[in-house]
Amino acid sequence: LGLRASAGITVNKLLSKLVGGLHKPDDQTTMLFKDADLFTATLPVRCIKGVGALTEQKFKSIGVHTCLDLRAKTVAEISKSVTKGNQELAKFFHLCSWGIDLSRVVP
């Protein structure tokens, strides 16, 4: 059939999606959690699930361009400036900047 597939093998969905896109097509990439910090630091915040064009602009307005920039902000700052008071979403974005995704994997 000539089908091609890539896969990221990591500890969570966020990292798997990001790592899976590194060596497309036809490759399998593995990353240990200890390497996630360095890997995610330079990624643009746009790589985080749920960050679209509008949210990206809100992040840029408070000086956040990369996940490393996002790590320097508190959940309260993110909530006030980006997520309209939604603390859970702000916490999700903040955790993702460290490569932490608590979302359940549903088979």
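Select threonine 55 first, which in this predicted model lies in helix H3. With a relative accessible area of 17%, threonine 55 is buried, because the limit for that class is under 20%. If you then display its surroundings and set aside the neighbours within four places in sequence, you will find threonine 55 in contact with Gly50, Val82 and Phe93. The last of these contacts, Phe93, leads to the next stop.

**The phenylalanine cluster**

Keep Phe93 on screen and add Phe59 and Phe92, since ring pairs link Phe59, Phe92 and Phe93 into a cluster. How many aromatic pairs does a search of the whole structure find? The search returns two. In one of them, the ring centres of phenylalanine 59 and phenylalanine 93 are 5.6 Å apart and the ring planes stand at 70°, so this pair is edge-to-face. Phenylalanine 59 belongs to helix H3 (residues 53–61) and phenylalanine 93 to helix H6 (residues 87–97), so the pair ties together parts that are 34 residues apart in sequence. Phenylalanine 59 has 0% relative accessibility and counts as buried, and phenylalanine 93, at 2%, counts as buried as well. Turning to phenylalanine 92, you can see that its ring forms an aromatic pair with that of phenylalanine 93, and that this pair is tilted, with 6.0 Å from centre to centre and 55° between the planes. Phenylalanine 92 itself is partly exposed, with a relative accessible area of 23%.

**Along helix H6**

Now select the whole of H6 and colour Ala90, Phe93, His94, Cys96 and Ser97, which are the buried residues there. On which side of H6 do they lie? They cover an arc of only 165° around the axis, which puts them on the same side of H6. To see what they pack against, show helix H1 (13–20), helix H2 (36–41), H3, helix H4 (67–71) and helix H5 (75–81). For a residue of H6 with another degree of cover, select leucine 89, which is found in this helix and is partly exposed, with a relative accessible area of 34%. A distance drawn from leucine 89 to threonine 10 spans 23 Å, C-alpha to C-alpha, between residues that are 79 apart in sequence.

The ends of H6 deserve a separate view. At the N-terminal end, asparagine 86 acts as the cap, with a side-chain oxygen 3.2 Å from the backbone nitrogen of glutamate 88. Just after H6, glycine 99 takes a positive phi of about 85°. Select tryptophan 98 next, together with arginine 71, whose charged end sits over the tryptophan ring, 4.4 Å from its centre.

**The loop before H6**

Step back along the chain to lysine 84, which is found in the loop between H5 and H6. Is lysine 84 buried or exposed? At 74% relative accessibility, lysine 84 counts as exposed, because the limit for that class is over 50%. Its backbone is worth inspecting too, as lysine 84 has a positive phi of about 55° although it is not a glycine. Most residues other than glycine have a negative phi.

**Helix H1 and its cover**

Move to H1, which is mostly covered, with six of its eight residues buried. Select Leu14, Leu15, Ser16, Leu18, Val19 and Gly20 to display these buried positions. What covers them includes strand E1 (7–9), strand E2 (28–30), H2 and H6, so that the view returns here to the helix visited above. At the N-terminal end of H1, asparagine 12 provides the cap, where a side-chain oxygen lies 3.2 Å from the backbone nitrogen of leucine 14.

**The whole chain**

Finally, clear the selections and show the full protein chain, which has six helices and two strands. Followed from the N terminus on, its elements run β-α-β-α-α-α-α-α. Along its principal axes the C-alpha trace spans about 50 × 25 × 25 Å. Colouring by accessibility will show that buried residues make up 35% of the 107 residues in the protein chain. With a surface displayed, the accessible area of the chain comes to about 6,900 Å², of which 59% belongs to carbon and sulfur atoms. Among the contacts in the protein chain with a separation of 6 or more, 36% are accounted for by residues 24 or more positions apart.

Note on methods:
Residues are numbered from 1 along each chain as its sequence is written. This is a predicted model: local features need pLDDT of at least 70, side-chain atom pairs count only at pLDDT 80 or more; totals for chains, interfaces and linings use all residues. Side-chain values use heavy atoms; hydrogens and water are left out. Rings of Phe, Tyr and Trp (its six-membered ring) pair if their centres lie within 6.5 Å; planes under 30 degrees apart count as stacked, over 60 as edge-to-face and the rest as tilted. Helices (H or I, at least four residues) and strands (E, at least two) are DSSP runs, numbered from the N terminus. Buried means under 20% relative accessible area, exposed over 50%, partly exposed in between (1.4 Å probe, protein chains only). A charge sits over a ring if NZ of Lys or CZ of Arg is within 6 Å of the ring centre and within 35 degrees of the ring normal. The arc is that of the directions from the helix axis to the C-beta atoms. Contact means heavy atoms within 4.5 Å. A polar contact is a pair of N or O atoms within 3.5 Å; within protein, one must be able to donate a hydrogen and the other to accept it, and residues adjacent in sequence count only if both atoms are side-chain atoms. Accessible areas come from the Shrake-Rupley method with a 1.4 Å probe; for residues, only the protein chains shown count as cover.
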